[in-house]
Amino acid sequence: MKHDVDIAIVGGGVVGSALACALADSGLTLTLIDAQTPVPYDPKAEVDLRVFALSMASRRIFEALGAWDEVKKARVSPYREMQVWDAGGQGSVHFDSADLGQAELGYIVENSLLQHALWVRLKGKPKVKLVHPAKAEALTLEDEGAALLLDGGRRLNARLVVAADGAGSATRALAGIEVEHSLYGQRAVVAHVRTEQPHRETAWQRFLPTGPVAFLPLADGRVSVVWSADEAEAARILALDDAGFCAALTQASEAKLGQVRSTTRRLAFPLQRLHAREYVRPRFALAGDAAHALHPLAGQGVNLGLLDAAALAEVIMEAQRKGRDVGDLGVLRRYERWRKGENLAMIFALDAFKRLFSNDNAGVSRLRNAGLRAVDRFTPLKHAFVRRAMGLSGDLPVLAR
Ligand SMILES: Cc1cc2nc3c(=O)[nH]c(=O)nc-3n(C[C@H](O)[C@H](O)[C@H](O)COP(=O)(O)OP(=O)(O)OC[C@H]3O[C@@H](n4cnc5c(N)ncnc54)[C@H](O)[C@@H]3O)c2cc1C
């Protein structure tokens, strides 16, 4: 098979674009394909409703890719503290970046800004071709290469195809990779709101029996809300008018920031747990939400996806240095072994958390609150938790160190 390109990446969201950036100067030729043409980022436009809590590891990856300055000069809010508490008792945990000797715990950033910053970097790269809008419609994996058919009839032969096309990945399905999948029976309602009191660069999260409600600080002083709730409760929240929604949020957050005064429109995302049985096949790999999707209660999805991208880039570049074929299953298995265990550990931990906090049995609630108080007091355990969430521990790729 004659190769048109070394690596074709399907999906130019944050994860696929970060992978392309990490490989852009490796000498390999790349094609990044996205179903949509990215809308140019406008710092004067309303803040994107999809915002992420970005870890320190993700910031380091962005710095290493030369994309952090573009993020920083636009709209990014650091958060220095985190308050987590339970609706069913007195238990709470307080995390403070100063206790860890860090300036901040993480950053709240818009999805569209992250994608824009990466695409700005990619535009000047001679070995990178950006193809959009285009969808992958068929895929054939053969010993010598992978053949990708795009809508419109365009064909592309690559040594390796990477699917980074999100949780509903069509490319994963074309490769015949199965997933373990279950719905949480919850939806996350998101909106940006103005509160009576300032957010003090703190992320707040209260666990209600119907799901957690999080307040994340935005650079313009408002707060981004992620309110995960069981279906019936989510339907109720979505049916409220703006004044009713603000009142319900004030109550759900125990008025931690005073009255919620105004809100943007609301969006809702069904929450799911998804994990691919395999991350790789000969000449094929999955990264980001195409490989795993998890509950947003700890804001880890895109952070894990960025670690996938950094790890995959590292494995590919090492293979290339050693003169190995980058689509070889032996090469790709290293990536799978590296990331699968780390991602699964996070999925299981968040599942257990979600189950623990949605249980309103009095005994469980007492234990949970005692547990929260114990974690808050036992500094080494608390620091271990937060270091993991910040991406400061674990088996980190070079780009994240
Ligand atoms: C309510 C909510 C809050 C969240 N909060 C956080 C948080 O605070 N922190 C965090 O780390 N994570 C968070 N997440 C998770 C985060 O949204 C995802 O993990 C992240 O967006 C995944 O990025 P990705 O690039 O893998 O996929 P996506 O962002 O889904 O990007 C996929 C890309 O592929 C393209 N595409 C799709 N199909 C095709 C095709 N057939 N051909 C070509 N291109 C295609 C799409 O256009 C898109 O650009 C949250 C999720 C939800 C639902």
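Are F62 and W68 buried or exposed? Both F62 and W68 are buried (under 20% relative accessible area with a 1.4 Å probe, protein chains only; over 50% is exposed and in between is partly exposed). These close-ups come from a predicted model, in which local features need pLDDT of at least 70, side-chain atom pairs count only at pLDDT 80 or more, and totals for chains, interfaces and linings use all residues. Residues are numbered from 1 along each chain as its sequence is written, and side-chain values use heavy atoms, with hydrogens and water left out.

**View 1. F62, W68 and Y107 form one aromatic cluster.** Rings of Phe, Tyr and Trp (its six-membered ring) pair if their centres lie within 6.5 Å; planes under 30 degrees apart are stacked, over 60 edge-to-face and the rest tilted. F62 and W68 meet edge-to-face, 6.5 Å centre to centre with 75 degrees between the planes. W68 and Y107 are also edge-to-face, at 5.1 Å and 65 degrees. Because W68 lies in helix α3 (residues 68-72) and Y107 in strand β7 (residues 106-110), this pair ties together parts 39 residues apart in sequence. Helices (H or I, at least four residues) and strands (E, at least two) are DSSP runs, numbered from the N terminus.

**View 2. Here is helix α1 (residues 14-23).** Of its 10 residues, 10 are buried, so α1 is largely enclosed by the rest of the structure. Among them are V14, G16 and C21.

**View 3. Two charges sit over rings.** The rule asks for NZ of Lys or CZ of Arg within 6 Å of the ring centre and within 35 degrees of the ring normal. K256 lies over the face of W85, 4.6 Å from the ring centre, and R266 over that of F245, at 4.4 Å.
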